[in-house]
Amino acid sequence: KAKFGTGLEMCKLKLTKNQLQALEDRFRDPSTSDKILIAAFIKEVEEVFVLKGLHKDPTSEAKTYQVKQKAFTLGVLPAEDMQELEILMDQLAMVTQKNRVKMRRFFKESDKGIKNRVKQSEFRSIMAILNINLNDKHLKLITQRFGIPHMGTKLDINYSAFCDEVEALEVRKTTHFASLMQRMRKQFRKRGARGIHGLATIFRRMDSYDGNNKLDKAEFIEGLHMFGFKVSNTEANQLLKAYDRNNDGVISYDEFIRGMRGSLNSRRLKMVVKAFKKLDADKSGVITVDDMQGIFNAKHHPKVISGEITERDALEIFVNSFDGTNIKDGRVHLDEFEDYYSNISSGIDDDEYFVRMMEKVWGIEEYAYES
């Protein structure tokens, strides 16, 4: 007990008698009144530096500090580079899935205390160990997308975010996931373009992330249920893993919609571009809904022909298809026009039928000469 007081004095701590008595009472050895539990005292002193609130009230209940980490943001690449990166990521997913390789384990072994990041040279070496040889262009694209600031001039690579994306792509290549998507596509095709458009409308209404086209798992599954598609917990987890590319618990429903409907093949895309060019008389790259209404011939709409809807209904559906999107003031760009026809295309199996429909609706010809 005497040594305890002397030790505090040697540390240049000027305590009053009452303060010293309070410390002795708190750390007194229960088995003998003349000894102090020095280990317990030192432990509590050290905890003041790592536990919240103890410096103000040492007798209060300790709360561990929560270190706020800045959320990692994926790098934005130009459209051409992004397309090239997506092809590369898809190839990597094919290799890792075929060889049943878990890249994350190899990266963690090289992670030298800097959580979830490795140097570019280390990244390339690990990929080489997995028999994946990256050229300079590939490494640059990956660094632009997954780079994270370093103390030096070079960016490190956030291997956790990189592995999240590769693993999401791996899920999409499994037979179980392919079977699930095939079953879902069949149901969408029964409803034609209104099916895809209807689901997209439901998702947009549920978007609680400030219109950034993302939903959490519960909202995403609820949206599918509202549409009339039931999925099991296992299937829900598969969808979450496949479309939660950065593992943040939210799903890009735009990416899901694109995956469901597929893209226009070259023949169909050519007809869509031809129709857009006809509407874009001033070659500004922008057309208006009014321009489209003036030329749109609803008489040859598939559902008008079948008697399901009237010409007026078809025109109304066409115009409303652009509502709730990013289009402002009735202005439509080529990519938005392509999106609309990608939805239409998802419900039409025959290329010939799609081409003839476009010819009649917009008054164009597939093989007409263009100056």
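Which residue in β5 is the bridge partner of Ile-148? Keep that question in mind as you start the tour, and remember throughout that the model on your screen is predicted.

**Stop 1: the sheet**

Select residues 147–148, which form strand β4, and then add residues 156–158, which form strand β5. These two strands pair in the antiparallel sense over two bridges, and here you can find the residue you were asked about, since the bridge partner of Ile-148 in β5 is Asp-156. Now add residues 117–118, which are strand β3, and you will have an open sheet of three strands in the order β3-β5-β4, with antiparallel pairing. Strands β3 and β4 are the edge strands of this sheet, each of them pairing on one side only.

**Stop 2: two helices that cross**

Next, select helix α4, residues 79–98, together with helix α7, residues 136–146. Two packed helices are described by the angle between their axes and by the distance between those axes. For α4 and α7 the angle is about 105° and the axes lie 10 Å apart. Because angles of 65 to 115 degrees count as roughly perpendicular, α4 is described as roughly perpendicular to α7. To see where the helices meet, show the side chains of Asp-81, Met-82, Glu-84, Leu-85, Leu-88 and Met-89 in α4, and then those of the residues they meet in α7, among them Leu-141, Ile-142 and Phe-146. Sorted by class, the contact of α4 with α7 has seven nonpolar, two polar and four charged residues.

**Stop 3: aromatic rings**

The structure holds 19 aromatic pairs, and two of them are good places to pause. Begin with Phe-177 and Tyr-243, a tilted pair whose rings are 6.3 Å apart centre to centre, with 45° between the planes. This pair links distant parts of the chain, for Phe-177 is in helix α9 (residues 175–191) and Tyr-243 is in helix α12 (residues 233–243), 66 residues apart. Phe-177 counts as buried, at 3% relative accessibility, and Tyr-243, also at 3%, counts as buried.

Then move to Tyr-341 and Phe-354, whose ring centres are 6.3 Å apart and whose planes stand at 90°, so the pair is edge-to-face. Tyr-341 is in helix α18 (residues 334–345), while Phe-354, 13 residues apart from it, is in helix α19 (residues 351–362). Tyr-341 is buried, with a relative accessible area of 3%, and Phe-354 counts as buried at 0%.

Finally, widen your selection to Phe-276, Phe-296, Phe-337, Tyr-340, Tyr-341, Phe-354 and Trp-362, which ring pairs link into a cluster.

Definitions and conventions
Residues are numbered from 1 along each chain as its sequence is written. This is a predicted model: local features need pLDDT of at least 70, side-chain atom pairs count only at pLDDT 80 or more; totals for chains, interfaces and linings use all residues. Side-chain values use heavy atoms; hydrogens and water are left out. Two strands pair if DSSP finds at least two bridges between them. Helices (H or I, at least four residues) and strands (E, at least two) are DSSP runs, numbered from the N terminus. Axes are lines fitted to C-alpha atoms, for helices over the stretch in contact, and angles run from 0 to 180 degrees between N-to-C directions. Angles under 35 degrees count as roughly parallel, over 145 as roughly antiparallel, 65 to 115 as roughly perpendicular and the rest as oblique. Contact means heavy atoms within 4.5 Å. Ala, Val, Leu, Ile, Met, Phe, Trp, Tyr, Cys and Pro count as nonpolar, Asp, Glu, Lys and Arg as charged, and the others, Gly among them, as polar. Rings of Phe, Tyr and Trp (its six-membered ring) pair if their centres lie within 6.5 Å; planes under 30 degrees apart count as stacked, over 60 as edge-to-face and the rest as tilted. Buried means under 20% relative accessible area, exposed over 50%, partly exposed in between (1.4 Å probe, protein chains only).
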